[in-house]
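Subject: Structure handover

Hello,

As promised, I am handing over the structure we talked about. Please open it next to this message, and my notes follow below.

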Amino acid sequence: MPGFRAVLDEERFPLRRWQILAVADDYGVDARTRTKLEQVPDRVYADAGEVMIALAMTPAHLAARTPL
């Protein structure tokens, strides 16, 4: 996913979830990343960092983590 972060860094923020999904579709993210993006809260994101934090908190991301 570092590639998508770089794509987001080039975008003009603020962005809403639907706009982030459009960027992801244009970039061609994989299905797993697309699923995570669909699960981020529908709100305005000020920058790419906020998007990445929201991605890390999605049910799909948390379910994929291995326990310590």
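Is A22 buried, partly exposed or exposed? With a relative accessible area of 34%, A22 is partly exposed, because the buried class takes in values under 20% and the exposed class values over 50%. Please keep in mind as you read that this is a predicted model.

Let me start with the overall picture. The chain holds five helices and two strands, and their order from the N terminus is α-β-α-α-β-α-α. Its C-alpha trace spans about 35 × 20 × 15 Å along the principal axes. The radius of gyration is 11 Å, which agrees with the value near 11 Å that a compact globule of 68 residues would have. Of the 68 residues, 28% are buried. If we take the contacts between residues at least 6 apart in sequence, 50% of them join residues at least 24 apart.

The surface comes next. About 4,500 Å² of the chain is exposed, and carbon and sulfur atoms supply 55% of that area. On the charge side, there are 9 positive and 10 negative side chains. The centres of these two sets lie 6 Å apart.

Now to the residue I would look at with you, T58. You will find T58 in the loop between α4 (48-56) and α5 (59-64). Although T58 belongs to a loop, its relative accessibility is 2%, so T58 counts as buried. Its side chain reaches the backbone oxygen of L55 at 3.0 Å. Which residues does T58 contact once its neighbours within four places in sequence are left aside? They are K36, Q39 and V40.

V40 also turns up in a pair with D26: these two are 14 residues apart along the chain, and their C-alpha atoms are separated by 18 Å. D26 itself sits in helix α2, which covers residues 17-27. With a relative accessible area of 73%, D26 is exposed, whereas T58, at 2%, is buried.

Helix α2 also holds A22 and Q19. From A22 to D42 the C-alpha separation is 14 Å, with their positions 20 residues apart along the chain. Q19 is partly exposed, at a relative accessible area of 24%. Its C-alpha atom and that of V51 are separated by 12 Å, and the two residues are 32 apart along the chain.

Towards the N terminus there are two more places to visit. D9 is part of helix α1, residues 2-9, and is partly exposed at a relative accessible area of 45%. How far is D9 from A63, C-alpha to C-alpha? They are 26 Å apart in space, and 54 residues apart in sequence.

The other place is P14, in the loop between α1 and β1 (15-16). The peptide bond leading from F13 to P14 is cis, with omega near 10°. Please have a look at that bond when you have the model on screen.

Happy to go through any of this together.

Best wishes

Definitions and conventions
Residues are numbered from 1 along each chain as its sequence is written. This is a predicted model: local features need pLDDT of at least 70, side-chain atom pairs count only at pLDDT 80 or more; totals for chains, interfaces and linings use all residues. Side-chain values use heavy atoms; hydrogens and water are left out. Helices (H or I, at least four residues) and strands (E, at least two) are DSSP runs, numbered from the N terminus. The radius of gyration is taken over C-alpha atoms; the globule rule is 2.2 Å times the number of residues to the power 0.38. Buried means under 20% relative accessible area, exposed over 50%, partly exposed in between (1.4 Å probe, protein chains only). Contact means heavy atoms within 4.5 Å. Accessible areas come from the Shrake-Rupley method with a 1.4 Å probe; for residues, only the protein chains shown count as cover. Lys and Arg count as positive and Asp and Glu as negative; His and the chain ends are not counted. The place of a charge is taken as NZ of Lys, CZ of Arg, CG of Asp or CD of Glu. A polar contact is a pair of N or O atoms within 3.5 Å; within protein, one must be able to donate a hydrogen and the other to accept it, and residues adjacent in sequence count only if both atoms are side-chain atoms.
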